[in-house]
Structures are given as structure tokens and as C-alpha cells.
Amino acid sequence: MIGIGAVLAVFDARHDSDVTTTREVTDVAVAVARAPSTLAAVQSPDPTALLQPVTERIRKDTGMDFIVVMAPDRTRFTHTTPERIGQPFSGNIDRALAGQTFTETYTGTLGPSIRAVTPIYDDGRVVALVSAGVTRARIGDQVATQLPVILGVAAAGLMVAAAGSFLLSRRLRRQTHGLAPDELRAMYEQHDAVLHSIHEGLVVFGPFAEHAEVVNDQARRLLDLPSGPVQRNDLPLSMQSMSWGVVRDEMHVTTDRILLVNQDVVAWEGRPIGTVMTIRDHTELRTVMGELDSVRGLAESLRAQAHESANRLHTVVTMVELGRYREAVEFATAELELSQALIDRLLTSVGDPALAALLLGKVNQAAERSVELTITEDTALDSTAPLSAHETVTLVGNLIDNAIDAAADGADGWVEVTVRQLDLADGAASHQDSALYLHVADSGPGMSAETFARAAERGYSTKADHQGLGLALVHRLVARHGGAIHTERDPESAVSVTIPRKVAP
């Protein structure tokens with residue numbers, strides 16, 4: 001571009017010189033032709049003697065190469081070369097004889113030149129002609145004097161362009177880590193293929209940026225993200241408040257899923273350039289683990305019962321050996337009657353065996369922690385619908401575990417559980433005639449409405465050794481079935497859950 005500009009500048013300088021020269025030769029020719037002394041000289045007996053010295057002086061002062069005064073028949077009265085005086089003028093004079101002043105480029109006795117020809121009038125009659133001109137050689141010399149400036153500017157521009165190209169190339173290579181275009185293309189294709197093929201969600205943020213630079217398809221599916229650009233406030237609420245640092249295996253609960261989130265800080269040359277967040281779906285795994293925890297708790301309760309039963313059996317055997325038969329029978333049947341009465345009542349009133357087994361297990365689990373867990377007399381349920389057995393274990397187990405934890409912190413702790421069918425007064429409008437009702441009360445301090453609302457978020461827990469997923473799972477389950485959950489602290493700490501049962505309209 002600079003080379004083209006330099007060539008164009010030379011042509012432009014040449015064009016300007018031609019325009020300037022054309023104007024100058026015209027002005028000089030007209031000035032000489034209109035001078036009264038010129039008219040008087042051409043009408044004198046010896047025009048050359050009068051005009052030659054004057055035209056030569058004017059030629060030198062104005063920088064012309066020639067000024068020729070001639071008769072209408074082309075006979076020269078003056079010339080730069082005296083030997084050519086008296087010879088015919090070579091060039092076009094027809095338009096000047098017709099009264100016009102014109103310019104032309106013509107090759108005459110001094111070589112190619114730009115010349116002007118104008119008439120000399122006497123009472124409206126052309127009596128002589130004046131021609132003034134500058135040779136192409138002189139014009140070329142004038143242009144040559146401008147070449148150093150043009151070339152100097154071009155050289156300076158070339159140096160600036162070279163420096164700019166070098167700095168730009170250096171910056172681009174630094175930003176691309178020295179990768180060539182082919183390598184960048186291959187990296188992009190591989191990067192795009194990996195993003196669409198991995199089965200983990202991936203979200204990449206720049207340093208302290210609110211706009212996600214990379215979001216793959218799996219992340220959009222797991223987080224229910226909209227199409228197009230993704231902002232940090234588009235993430236689930238618990239993930240919006242995540243720190244910018246390293247995060248390892250954090251559990252986050254959304255409306256439909258339980259997600260395992262990891263985050264790493266990406267640095268280059270010691271400078272953080274962003275964060276990479278990976279997301280895995282642990283919904284089914286956490287459900288199975290919850291059930292496993294319940295089964296494990298039930299197994300531990302059965303083990304404790306077996307141990308306690310062994311102690312009681314040894315006591316009965318010893319009393320028999322001591323001959324205390326009546327006391328032995330009373331001791332053996334008292335505990336049996338109490339336990340059997342609870343089992344018979346639960347199996348009769350609770351139609352779901354999994355729920356009945358869970359409640360029995362929690363009674364023994366609470367007893368191990370010196371907490372009295374009572375299943376109220378009005379507990380009665382033919383079915384846990386619309387909840388599945390897995391969902392029932394998650395809902396009831398988590399609420400009872402929280403209540404036992406709260407009651408175990410004080411003396412004479414107690415927990416009271418009610419599970420029953422709740423008849424709705426007005427079911428016509430919503431096609432609902434009953435609901436599954438769960439009420440869990442305890443002797444603990446309870447939670448305020450604000451604290452209970454925060455418990456719906458992943459990670460919140462009032463206990464330091466808990467991940468805070470229990471109540472979050474409960475809130476997610478209740479919301480999925482269109483139910484309601486609330487807490488109260490007066491007259492006692494309690495949590496109530498109502499899940500409607502829908503019937504065909």
C-alpha cells in the first residue's frame with residue numbers, strides 16, 4: 001500500500017506540475033502579448049532588436065524555456081536561440097489566428113514542451129502572436145526535486161507499518177500462544193467436538209465476568225438454561241452464590257435434579273484467566289444413597305434390638321433359674337406387648353410396608369439417642385400416593401432425622417410423627433378430594449420462617465457436619481408434586497407437609 005501510494009504521489013506531483021506550468025505559460029504569454037511595448041515593437045521596422053532583449057529578460061525572470069514573438073506567417077521575431085530568429089515557428093497557431101488563447105504539448109526545436117499561444121491585437125486585428133513554453137525536461141526536474149520528500153514520507157510510513165505489523169504479529173502470537181492458523185483451526189474443531197460429546201456439563205467464565213464464554217449442550221440440559229448467551233444469574237440460585245475459587249464435589253439441588261459441581265481456576269503465567277465449572281447429574285445416585293442410608297439405619301436398629309433382646313433373654317433365663325417364674329413371665333411379656341402393639345397398629349393403619357418399616361426403624365433409632373419418638377394414634381394411611389416408595393422414604397426419613405437431631409440436643413427429647421390422609425373441603429375446583437399429610441413435631445428450638453426458607457437452598461445447614469441436602473431434597477420433592485410445606489415454632493417446633501392427590505375430573 002505504501003509503494004502504491006508513493007507511485008500515485010509521484011504521478012500526482014507530475015500532474016500538479018503540468019497544471020501549474022500550463023497556468024504559468026498562459027499568464028506569461030498573455031502578459032507579453034498585451035504589453036503596449038510589444039505591439040509597438042512588432043509594428044517597428046526592426047522588431048527583433050526591440051523585443052529580443054525584453055523577452056529574454058522576462059524568460060529568465062519567469063523560468064520559461066522560450067518566449068517567441070512571431071508574425072502571423074510564423075516568422076520568429078525572438079527565440080532563446082538567436083540562430084533560429086527569422087525561421088518559421090513550429091507548432092499550431094490556427095486557433096490563435098482565430099483570436100483564441102490555447103495551450104498544447106508539442107515537440108519543437110527545444111524538445112517536448114507545454115506551450116501557450118495567444119494573439120496580439122491592433123484595433124481588433126491580429127498583427128502578431130506570442131508563444132511561451134516550458135520543456136518537459138524542466139518539468140521533470142521540478143518533479144525530481146519533490147521525490148526526496150515523497151520517498152522520505154514513504155520510507156517513514158514503511159517503517160511505521162513494519163513496526164506496527166511486528167507488534168500486531170507479536171500480540172496475535174501471544175494471544176494464540178504461538179499457534180499457526182492451521183493449528184488454531186484444528187484446535188477449534190477438536191474443542192467443538194469435545195464440548196458436544198462429553199456427558200458432563202461444562203460452563204466457562206472469564207475472570208470475574210458475569211457472561212459465560214463457553215456453555216455446552218449438557219450444561220444447558222442439566223441447568224435448564226435458555227438458548228443464546230448465558231449470564232451468571234441464569235444459573236440456579238445456589239450456584240449463583242458460589243465462590244470464584246476452587247470447589248470440590250459440592251451438591252446443588254434444583255427443581256428436578258441433584259447436581260455434583262466442581263470448579264477450578266484456570267491460570268496462565270500466574271494470572272487467573274477464568275473459571276471452569278463441571279456439572280454431573282447425581283439425581284439417581286443420591287436417591288439410591290438416601291434409600292441405602294434408610295436401610296442401613298433400619299439394619300442398625302435391628303442389630304441394636306437383637307442385642308437388647310439378647311440381654312432381656314439372659315435376664316429372663318436367670319430369673320427362671322432363680323425360681324422367680326412369675327416375675328420372669330411379667331418381665332418378658334411387658335416389653336413384648338408394648339413392641340407388638342406398636343407393630344400391629346402400624347401394620348394395620350399404614351398400608352405401605354416400606355413406610356411402616358421406616359417408622360419402626362426410626363423409633364428404635366431415636367431410642368438409641370435417648371429421644372422418645374411417638375407415632376400418634378391418628379396415623380392412618382391406605383397408600384402413599386402420589387408418592388412412590390422411594391419418595392416416601394426421602395420425605396419422611398429426612399424430616400424425622402432432622403427432628404431427632406434437634407431433639408437430641410436437649411434433655412428429655414421427644415419427637416411426634418403423624419402421617420395420614422387429609423380430606424379437603426373443596427375439591428371440585430381443582431379436582432382434588434384428599435391429600436397426603438405429614439406432621440413432624442419435636443422438642444427442639446425450631447427454625448424461623450426465614451431460616452426454613454434458606455434450608456431449601458443447597459448447602460445450608462444448622463449443623464456443621466451436614467451438607468444441608470436433607471431439607472433441600474424435601475423442598476424439591478414437595479414442589480415437584482405441587483404440595484406445600486411450612487414450619488412453626490409455637491406452641492411447639494413442627495414441620496407440616498401437604499401433598500394433594502389428584503383424581504380424574
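**One helix face, then the cavities**

On the other side of helix H3 from the residues I will come to in a moment, Lys60 and Asp61 are exposed, where exposed means over 50% relative accessible area, buried under 20%, and partly exposed in between, computed with a 1.4 Å probe on protein chains only. What you have in front of you is a predicted model, in which local features need pLDDT of at least 70 and side-chain atom pairs count only at pLDDT 80 or more, while totals for chains, interfaces and linings use all residues. Residues are numbered from 1 along each chain as its sequence is written, and side-chain values use heavy atoms, with hydrogens and water left out.

Let me stay with H3. The buried residues in this helix are Pro47, Leu51, Gln52, Thr55, Glu56 and Arg59. These residues cover an arc of only 130 degrees around the axis, taken from the directions from the axis to the C-beta atoms, and therefore sit on the same side of H3. As a reminder, an α-helix has 3.6 residues a turn, so residues three or four places apart point the same way. What do the buried residues of H3 pack against? Their partners are helix H2 (36-42) and strand E1 (66-70), with contact taken as heavy atoms within 4.5 Å; helices (H or I, at least four residues) and strands (E, at least two) are DSSP runs numbered from the N terminus. The length of H3 also agrees with expectation, because its 16 residues (47-62) should span 22 Å at 1.5 Å a residue, and its end C-alpha atoms are 22 Å apart; the expected span is 1.5 Å times one less than the number of residues.

Just after H3 comes Gly63, with a positive phi of about 80 degrees, in the loop between H3 and E1. Gly63 is partly exposed, at a relative accessible area of 26%, and, not counting residues up to four places away in sequence, touches Val134 and Arg138.

Turning to the interior, a search of the whole structure finds two cavities of 30 Å³ or more. A cavity here is a set of points on a 1 Å grid over the protein atoms alone where a 1.4 Å probe fits but cannot get out, and lining residues have an atom within 4 Å of a point; points are joined across faces, edges and corners, and the volume is the space filled by probe spheres set on them.

The largest cavity has a volume of about 80 Å³, and the residues lining it include Phe66, Arg76, His79, Ser113 and Arg115. Strand E3 (111-122) and E1 each supply at least two of its lining residues, with E3 giving the most, three residues. The lining divides into four nonpolar, six polar and two charged residues, where Ala, Val, Leu, Ile, Met, Phe, Trp, Tyr, Cys and Pro count as nonpolar, Asp, Glu, Lys and Arg as charged, and the others, Gly among them, as polar.

The second largest cavity, at about 40 Å³, has eight nonpolar, two polar and no charged residues in its lining. Helix H12 (389-407) and strand E12 (432-442) each supply at least two of these residues, and the largest share, three residues, comes from H12. H12 itself is mostly covered, with 14 of its 19 residues buried.

Last, Asp423 lies in strand E11 (413-423) and counts as exposed, at 59% relative accessibility. Leaving aside neighbours within four places in sequence, Asp423 is in contact with Asp433 and Ser434.

Notes: On a 1 Å grid over the protein atoms alone, a cavity is a set of points where a 1.4 Å probe fits but cannot get out, and a pocket is an open set with protein on both sides within 12 Å along at least five of seven lines; lining residues have an atom within 4 Å of a point.
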